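I am starting a notebook on this structure, and I will write down each thing as I look it up.

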Amino acid sequence: MQRRVVITGMGGLTALGHDWKTIGSNLRARRSGVKYMQEWAGFSDINTRLAAPVSAYELPQHYTRKTMRSMGPVAVMSTRATELALQDAGLLGKPVLTSGATGIAYGACAGSAEPVIAFGHMAKTGSLRGVTSNTYMQMMSHTGAVNISLFFGITGRIIPSSSACTSGSQAIGFAYETIKYGKQTVMIAGGAEELSLGPSAVFDTLFAASTRNDAPETTPRPFDRDRDGLVVGEGAATLILEDMDSARQRGAAIYAEVVGFGCNADGSHITQPRTSTMAKVMQLALEDAALSSQAIGYVNAHGTGTELGDVAESIATQEVLGKRMPISSLKSYFGHTLGACGSLEAWLTIEMMRDNWFAPTINLDNLDSECAELDYLTGGGRELEVEHVMSNNFAFGGINTSLIFRRWN
Amino acid sequence: MDNQEIYQTLKNTLVEQFDLDPGKITPQARLSEDLDLDSIDAVDLILKLQEMTGCKVSPDQFKEVHTVADVQAVIEQMLSVKH
């Protein structure tokens, strides 16, 4: 028997605030989280100086040395975002978390950057200076997932979803399938990314990072003629997925239902996106949800602000969903939060559906003529009442994901 | 380093490394029961001692260590072997 899966908690840490009220008002004010990074001034080989760091957040007293010793920044953000989401779901401290009925699907591009330096130093010099019992725990790619498990005493299955820019969306998709097929009652799903120079350097090398260093708020510019690449961002977001019957039984407030997930691979080029498989993944999500393309009322684009990505995505979106489709990219506000973007964008897309207002793509002033015709939201965004929203993400290595959420009435 | 200096250095290390209240650290304080250190912390303490003394600590040397005074004895032993 297949179960229906609902979302009962959402939370996160972002460049524009740590709750929907704050973030929503920043989106309505068309405020960008992109900043000039003074501290990167010394890295002369790297052209970009832009990033969208998470805004300051405080950790409560119970984040002690012992609970945090195995965490680098990415694991701390994963854990704190999860705590906010569990609190929101009314599940903090509840037996279901520790009984084995709750699992975790969580990812990031990688673990923390600082320990890599310690191991690099060891490889070069043979010295273990800077290496402690926890250095590896902070560096490993599933550091967020297992630290969440330790912090909250979660004993169900753990599905690490560290797949770069689809880490967060795969987490939601895999968590949804885990509950759908009866393997767990509750799933903690999300993704996170800590800011470090590495990812920016990667995109810089590929000439895909924005270098509008003197005008941070004008970039990235998804789908815009004058875009010059992406900006790396930071953050974490967690969604609590739950078996619908259990959620109803405990009287939980329900945000939305997860109804469709598609996931496939390009199988062709390591960095260049492929329109046909992008379109295919959206079809897979529609088939999974047993919906026609007409049922979708808004698409949250991956929309990174790179030429190849934007054009391929727009063509694929038009092919599957038609020219009428309202679409916008939240990366114009938060930059590309890599491992976090899938869950961050899912969270905010669901909030926008509940508010009947969808944010515009800021900095989209002149549509790139290479991009396919769609209903690109600009200006003050759009008041829209829709039944279903789609959120798409695409990662290096050619991983594609598409998620469909249904309004909960 | 005389014994008083060793004790002070050890105390500072424990405070800094494990975020401990200096008032809790006495020679009689038990690492596990009184200071809430576990096996993972013991590994990090050994790594710190190696850094402090420049000597390799063998796991056997640490088997009978239960209190702060026991740790001090290990350090004194390491330093005396060295000199």
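Is F43(A) buried, partly exposed or exposed? The model I am reading is a predicted one, and in it I count 15 other C-beta atoms within 10 Å of F43(A), so I enter the residue as partly exposed, since a buried residue would need 20 or more and an exposed one 12 or fewer. I then looked up where F43(A) sits, and found it in the loop between β2 (35–36) and β3 (50–52) of chain A. I also noted that the C-alpha atoms of F43(A) and A201(A) are separated by 9.8 Å, although the two residues are 158 apart along the chain.

Next I turned to the strands on either side of that loop. I find β2 and β3 of chain A in an open sheet of three strands, ordered β2-β3-β7, with mixed pairing. The edges are taken by β2 and β7 (232–233) of chain A, each of which has a single partner strand, so one side of each has no neighbour in the sheet. Between β3(A) and β7(A) I find parallel pairing over two bridges, and I note that A52(A) has G233(A) in β7(A) as its bridge partner.

My last entry concerns chain B, where the axes of helix α1 (residues 3–18) and helix α2 (residues 39–53) come within 11 Å and cross at roughly 135 degrees, which means that α1(B) is oblique to α2(B). To the contact, α1(B) brings T9(B), T13(B), Q17(B) and F18(B), while α2(B) brings D41(B), D44(B), K48(B) and M52(B). I sort these contact residues into two nonpolar, three polar and three charged. I record the crossing of α1(B) and α2(B) as right-handed.

How values were computed: Residues numbered from 1 in each chain as written. Chains lettered and ligands numbered in written order. Predicted model: local features only at pLDDT ≥ 70, side-chain atom pairs only at ≥ 80, totals over all residues. Axes fitted to C-alpha atoms, helices over the stretch in contact; angles between N-to-C directions. Helix = DSSP H or I, 4+ residues; strand = E, 2+ residues; numbered from the N terminus. Parallel < 35°, antiparallel > 145°, perpendicular 65-115°, else oblique. Left-handed = near helix turned anticlockwise from the far one by under 90°. Contact = placed C-beta atoms within 7 Å. Nonpolar A, V, L, I, M, F, W, Y, C, P; charged D, E, K, R; others polar. Pairing = 2+ DSSP bridges.
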